Amino acid sequence: MKRIGVFYGSTTGNTEQVAHLIAENLGVAGADVHDVAKSAPSDVAPYDVLIFGASTWGDGDLQDDMHDFLDGLSSLDLKGKTAAVFGCGDESMSDTFCNGVDAIYKAVSETGAEMTGAFDASVFDFNHSDAVEGGIAEGLLIDNMNHEDLTTDRVKRWCDEIKQSVG
């Protein structure tokens, strides 16, 4: 069985909550869920499947802890690993909704990891996101500010797709 690690950056606890919900849906033990503020990029080594997530702040900026973590991750070779990304945002920030997902996606892609986990973004109402092209997001987008009631179902559906893609 493939070992899955979940790595998240969270400022308010929202992304941490989603990370644990993802872990629960994927059958990932609590010890394999990592706050990147307390982790080193090398902590990804024992995992076959990597899930990375963070929030988007201000004018579309990636959460600070994840930004720093990705700087270190960029020097690693993750060929042979599968990775997926998720992010929390507020769709009322209509021109930068979940831009952080794109920043994580690009950084992780450059390490050689095989990317998975695209998500239908048509369920949201926003003008632009760097993470979305043609209605499809590079990863799971969550808006707990405006649609908290939909988070559990969206996470479950996304995790079901992740399970299928990684076998």
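## Working through the fold, from Asn 99 outward

Asn 99 touches Thr 56, Gly 60, Ser 129 and Asp 130, leaving aside residues up to four places away in sequence. Contact means heavy atoms within 4.5 Å. The model is predicted: local features need pLDDT of at least 70, side-chain atom pairs count only at pLDDT 80 or more, and totals for chains, interfaces and linings use all residues. Residues are numbered from 1 along each chain as its sequence is written, and side-chain values use heavy atoms, without hydrogens and water.

**Exercise 1. Place Asn 99 in the fold, and decide whether Asn 99 is buried or exposed.**

Step 1. Find the element. Asn 99 is in helix 3, residues 99–109. Helices (H or I, at least four residues) and strands (E, at least two) are DSSP runs, numbered from the N terminus.

Step 2. Check the cover. Asn 99 has a relative accessible area of 8%, so Asn 99 is buried. Buried means under 20% relative accessible area, exposed over 50%, partly exposed in between (1.4 Å probe, protein chains only).

Step 3. Look across the chain. Ser 129 lies 30 residues from Asn 99 in sequence, yet their C-alpha atoms are separated by 5.5 Å.

Step 4. Widen to the helix. Its buried residues are Asn 99, Gly 100, Val 101, Asp 102, Ile 104, Ala 107 and Val 108. They pack against several elements, among them strand 3 (49–57), helix 2 (64–73) and strand 10 (140–142).

**Exercise 2. Find which residues Thr 96 touches.**

Step 1. Locate Thr 96. Thr 96 sits in the loop between strand 5 (82–88) and helix 3.

Step 2. Read its accessibility. The value is 16%, so Thr 96 counts as buried.

Step 3. List the contacts. Beyond four places in sequence, Thr 96 touches Thr 56, Gly 58, Asp 59, Gly 60 and His 128.

Step 4. Follow Gly 58. Gly 58 belongs to the hairpin of strand 3 and strand 4, with three residues between the strands, and takes a positive phi near 55°.

**Exercise 3. Explain why strand 1 is called largely enclosed.**

Step 1. Count. Six of the six residues of strand 1 (residues 4–9) are buried, so the rest of the structure largely encloses the strand.

Step 2. Sort by face. In a regular strand the side chains alternate between the two faces of the sheet. Here Ile 4, Val 6 and Tyr 8 are on one side, with Gly 5, Phe 7 and Gly 9 on the other, and all are buried.

Step 3. Find the partners. Strand 1 runs parallel to strand 3, over six bridges. Strand 1 also pairs in parallel with strand 2 (residues 33–35), over three bridges. Two strands pair if DSSP finds at least two bridges between them.

Step 4. Name the partner residues. Ile 4 is opposite Val 49, and Tyr 8 is opposite Gly 53. Val 6 has Val 33 of strand 2 as its bridge partner.

**Exercise 4. Trace the pairings of strand 3 with strand 5 and strand 4.**

Step 1. Check cover. Eight of the nine residues of strand 3 are buried.

Step 2. Take strand 5. Strand 3 and strand 5 pair in parallel over seven bridges. Val 49 has Thr 82 as its bridge partner there.

Step 3. Take strand 4. Two bridges join it to strand 3, and the two run antiparallel. Thr 56 has Leu 62 as its bridge partner in strand 4.

**Exercise 5. Give the strand order of the open three-stranded sheet, and name its edges.**

Step 1. Write the order. The strands run 7-9-8, with antiparallel pairing.

Step 2. Mark the edges. Strand 7 (119–120) and strand 8 (132–133) each have a single partner strand, so one side of each lacks a neighbour in the sheet.

Step 3. Pick a bridge. Strand 7 and strand 9 (residues 136–137) pair over two bridges. Asp 120 has Ile 136 of strand 9 as its bridge partner.

**Exercise 6. Judge how compact the protein is for its 167 residues.**

Step 1. Take inventory. The protein has four helices and ten strands.

Step 2. Compare sizes. The radius of gyration is 14 Å, close to the 15 Å of the globule rule, so the protein is as compact as a globular protein of that length. The radius is taken over C-alpha atoms; the rule is 2.2 Å times the number of residues to the power 0.38.

Step 3. Add the burial. Of the 167 residues, 54% count as buried.

Step 4. Check contact range. Among contacts with a separation of 6 or more, 74% come from residues 24 or more positions apart.
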